[in-house]
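Student: I have a structure open and would like to learn how to read it feature by feature. Could you walk me through it?

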Amino acid sequence: MDIKPGIYRHSKTGNLYKVHFVAKDSETLENIVVYEALYDNNLSKFWVRPAKMWFEEVEVDGKKVPRFVLTE
């Protein structure tokens, strides 16, 4: 599945994140999503996550849904 730049909502928390781009891991050549928390987060403003995890399903109210959903 193609990960496009844009604003995504985390299905479990409802927090919003902005995907800037997908990069390559220099060692494994795995696709890595580079994204920004659009809320106050004391740990970090910018994050990375393996692309294969981006659309993994998580359980919300007993239903399996994508971890992140594109909103804009």
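Tutor: We will go from the overall fold to the core, then to charges and backbone angles. Keep in mind that this is a predicted model.

Student: Let's begin with the fold. How many helices and strands are in the chain, and what pattern do they follow along the sequence?

Tutor: Count the elements, then read them in order. The chain has one helix and seven strands, and along the sequence they run β-β-β-β-α-β-β-β.

Student: What does the radius of gyration say about the chain?

Tutor: The idea is to compare the value with what a compact globule of the same length would have. For 72 residues that would be near 11 Å, and the chain has 12 Å, which agrees. You can add the spans of the C-alpha trace along its principal axes, about 40 × 25 × 25 Å. Two further totals help here: 26% of the 72 residues are buried, and among contacts between residues at least 6 apart in sequence, 29% join residues at least 24 apart.

Student: Now the interior. Which residues make up the largest nonpolar core?

Tutor: To find a core, look for buried nonpolar side chains that touch one another. Here the largest one has ten residues: Ile3, Tyr8, Tyr17, Val19, Val33, Tyr35, Ala37, Ala51, Trp54 and Phe68. Strand 2 (16-24), strand 3 (31-37) and helix 1 (51-54) are the elements that give two or more residues to this core. Strand 3 provides the largest share, with three residues.

Student: Suppose I pick Ile3 from that core. What is Ile3 in contact with, leaving aside its neighbours within four places in sequence?

Tutor: With those neighbours set aside, Ile3 is in contact with Tyr8, Val19, Val22, Val33, Ala51, Trp54 and Phe55. Right after Ile3 in the numbering comes Lys4, in the segment before strand 1 (6-10). At 46% relative accessibility, Lys4 counts as partly exposed. Lys4 also shows how to set sequence beside space: Lys4 and Arg67 are 63 residues apart in sequence, while their C-alpha atoms are 15 Å apart.

Student: On to charges. How many salt bridges does the structure hold?

Tutor: There are two. In one of them, Glu30 pairs with Lys52, and the closest N and O atoms are 3.7 Å apart. That pair links distant parts of the chain, since Glu30 sits in the loop between strand 2 and strand 3 and Lys52 in helix 1, 22 residues apart. Accessibility adds to the picture: Glu30 is partly exposed at 26%, whereas Lys52 is exposed at 66%.

Student: And which residue forms a salt bridge with Arg67?

Tutor: Glu56 does, with 2.8 Å between the closest N and O atoms. Arg67 is in the loop between strand 6 and strand 7 (68-70) and Glu56 is in the loop between helix 1 and strand 5, so the bridge ties together parts eleven residues apart in sequence. Arg67 counts as buried at 14% relative accessibility, and Glu56 as partly exposed at 35%.

Student: Arg49 caught my eye too. Is Arg49 buried or exposed, and how far away is the nearest side chain of opposite charge?

Tutor: For a charged residue, check both burial and partners. Arg49, in strand 4 (residues 46-50), is buried yet has no salt bridge. The nearest side chain of opposite charge is Glu56, 5.8 Å away, and a salt bridge needs the nitrogen and oxygen within 4 Å. Arg49 does have a side-chain polar contact of 3.3 Å with Tyr35. Beyond its neighbours within four places in sequence, Arg49 is in contact with Ile32, Val33, Tyr35, Trp54, Arg67 and Phe68.

Student: Last topic, the backbone. What is phi of Leu29, and where is Leu29 found?

Tutor: Here is the general idea: most residues other than glycine have a negative phi. Leu29 has a positive phi, near 65 degrees. Leu29 is found in the loop between strand 2 and strand 3, and is exposed with a relative accessible area of 58%. Asp61 is another case, with a positive phi of about 55 degrees although it is not a glycine. Asp61 lies in the loop between strand 5 (57-60) and strand 6 (63-66), and at 77% relative accessibility Asp61 counts as exposed.

Key:
Residues are numbered from 1 along each chain as its sequence is written. This is a predicted model: local features need pLDDT of at least 70, side-chain atom pairs count only at pLDDT 80 or more; totals for chains, interfaces and linings use all residues. Side-chain values use heavy atoms; hydrogens and water are left out. A nonpolar core is a set of buried Ala, Val, Leu, Ile, Met, Phe, Trp, Tyr and Cys residues joined through side-chain atoms within 4.5 Å. Buried means under 20% relative accessible area, exposed over 50%, partly exposed in between (1.4 Å probe, protein chains only). Helices (H or I, at least four residues) and strands (E, at least two) are DSSP runs, numbered from the N terminus. Contact means heavy atoms within 4.5 Å. Lys and Arg count as positive and Asp and Glu as negative; His and the chain ends are not counted. A polar contact is a pair of N or O atoms within 3.5 Å; within protein, one must be able to donate a hydrogen and the other to accept it, and residues adjacent in sequence count only if both atoms are side-chain atoms. The radius of gyration is taken over C-alpha atoms; the globule rule is 2.2 Å times the number of residues to the power 0.38.
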